[in-house]
Every structure is written in structure tokens, then in C-alpha cells.
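Me: I would like to learn how to read the features of a structural model one at a time. Could you take each general idea and then show me the case at hand?

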Amino acid sequence: MSVNVSDVFRLLGEETRLRSLLLLAAEGELCVCELTWTLDVVQPKISRHLAQLRAGGLVRDRRDGQWVHYRLAPDLPDWVHAMIRAAEQGAAGSLADDRRRLRAMPDRPAMRCAG
């Protein structure tokens with residue numbers, strides 16, 4: 001799937017989608033419930049935004065029982081990776097806050113799987 005420049009900017013122009021993508025870039029893979037907790041957004045809203053990112057070719061999902069995990073699409077062009085790195089630098093403070101909130105999440109699916 002090819003990634004369209006104008007679609008990428010349209011998708012990332014919305015704060016929830018941008019924060020979700022930056023968290024996925026920083027963490028590797030996250031469950032919908034982890035994004036819901038971290039961003040303090042109801043599950044239907046985060047799922048809708050993730051579906052838009054998936055349709056735009058920016059993320060992929062995988063199901064594991066009741067959990068749906070998302071990660072950056074593995075075949076993103078170099079310019080998208082460069083843009084994500086630049087956005088991470090620009091959002092360093094808020095991204096650090098989001099990552100702290102994620103680490104404070106009780107009973108994280110990733111922790112149950114790792115244990």
C-alpha cells in the first residue's frame with residue numbers, strides 16, 4: 001500500500017491520531033486499551049482514529065484474543081519516518097507525559113504477556 005503525502009498530513013493534523021502515532025513509534029506496539037488509558041479517550045473514539053490511521057497505511061493491527069494491538073506499518077517510506085522523528089522532537093514534552101501515563105497504567109496487557 002502506498003502512502004499519500006496529503007493523506008498523511010490530514011491524518012496527523014488531528015491531535016488524537018498524532019499522539020497515538022507518536023506513542024506507537026516510541027513504544028513499538030500498543031493495545032487499544034493502552035492508548036485509551038494513556039490518551040484518556042473512550043474506546044470507540046480511539047478505535048475510529050486507529051482505523052483511519054490503518055486505512056491511510058500508517059499503522060497495522062493484529063488480534064490476540066480480546067486484544068487488538070497496533071504498530072507502525074513496517075513498509076513506511078523514509079520520508080514518513082523522518083517526519084515522525086521530527087514530530088517526536090517537537091512533541092518531546094507531551095510525548096514524555098504520555099509515556100509516563102502509559103507506564104502508570106495498572107494491569108497493562110503487555111505486562112501480563114511479558115510476565
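**Contacts, cover and charge**

Reply: H69 touches E29, L30, C31, R60, D61, R62 and D64, where residues up to four places away in sequence are not counted. Please keep in mind throughout that this is a predicted model.

Me: Where is H69 placed, and is H69 buried or exposed?

Reply: H69 has its place in strand 3, and with a relative accessible area of 5% H69 is buried, since buried means under 20%. One of the residues that H69 touches is R60, which takes us to salt bridges.

Me: With which residue does R60 form a salt bridge, and where do the two partners lie?

Reply: R60 forms a salt bridge with D75, and the closest N and O atoms of the two are 3.1 Å apart. This pair links distant parts of the chain, because R60 belongs to strand 2 (residues 59-64) while D75 lies in the loop between strand 3 (67-72) and helix 5, 15 residues apart. As for cover, R60 counts as partly exposed at 22% relative accessibility, and D75 likewise counts as partly exposed, at 45%.

Me: How many salt bridges does the model hold by this rule, and which residues are joined into one network by bridges that share partners?

Reply: The count comes to nine salt bridges. Those that share partners join E15, R19 and D98 into one network. Within this network D98 has its place in helix 6 and is buried, with a relative accessible area of 7%. If residues up to four places away in sequence are left aside, D98 touches R19, L23, T38 and L39.

Me: How should I read a salt bridge whose two partners sit in one helix?

Reply: The general idea is that an α-helix has 3.6 residues a turn, so residues three or four places apart point the same way. In the present case the side chains of R19 and E15 meet in a salt bridge at 3.9 Å, N to O. R19 and E15 are four residues apart in helix 2 (residues 15-27), and therefore about one helical turn separates them. R19 is partly exposed, with a relative accessible area of 24%, whereas E15 counts as exposed at 54% relative accessibility.

Me: Which parts does the salt bridge between R99 and E27 tie together?

Reply: The side chains of R99 and E27 meet at 2.7 Å, N to O. R99 lies in helix 6 (residues 92-103) and E27 in helix 2, so this pair ties together parts that are 72 residues apart in sequence. R99 is partly exposed, with a relative accessible area of 28%, and E27 is also partly exposed, with 27%.

Me: Turning to helix 3, how many of the residues of helix 3 are buried, and which are they?

Reply: Helix 3 (residues 32-39) is mostly covered, with six of its eight residues buried; these are V32, E34, L35, T36, T38 and L39. T36 touches V41, V42, Q43 and I46, again not counting residues up to four places away in sequence. By contrast with such contacts, the C-alpha atoms of T36 and L11, which are 25 residues apart along the chain, are separated by 18 Å.

Me: What is the phi of D40, and where is D40 found?

Reply: Phi of D40 is near 55°, which is a positive value in a residue other than glycine. D40 follows helix 3 and is found in the loop between helix 3 and helix 4 (43-55), where D40 counts as exposed at 63% relative accessibility. A positive phi is also found at D107, near 60° and again in a residue other than glycine; D107 has its place in the loop between helix 6 and helix 7 (109-114) and is exposed, with a relative accessible area of 58%.

Me: How many aromatic pairs does the structure hold, and over which ring does the charged end of R101 sit?

Reply: In general, a pair of aromatic rings is described by the distance of the centres and the angle of the planes. This structure holds zero aromatic pairs. The charged end of R101, however, sits over the ring of W37, 4.9 Å from its centre.

Me: Which residues form a nonpolar patch on the surface?

Reply: V5, F9 and W79 form this patch, and together they have about 290 Å² of accessible area. Among them, W79 has its place in helix 5 (residues 78-90) and is partly exposed, with a relative accessible area of 32%.

Key:
Residues numbered from 1 in each chain as written. Predicted model: local features only at pLDDT ≥ 70, side-chain atom pairs only at ≥ 80, totals over all residues. Heavy atoms only, no water. Phe/Tyr/Trp six-rings, centres within 6.5 Å; stacked < 30°, edge-to-face > 60°. Lys NZ or Arg CZ within 6 Å of the ring centre and 35° of its normal. Buried < 20%, exposed > 50% of the residue type's maximum accessible area, 1.4 Å probe, protein only. Helix = DSSP H or I, 4+ residues; strand = E, 2+ residues; numbered from the N terminus. Patch = residues over 30% accessible without salt bridge, like charges linked within 9 Å, V, L, I, M, F, W, Y side chains within 5 Å. Areas by Shrake-Rupley, 256 points an atom, 1.4 Å probe, with all protein chains shown as cover. Salt bridge = Lys/Arg side-chain N within 4 Å of Asp/Glu carboxyl O. Contact = heavy atoms within 4.5 Å.
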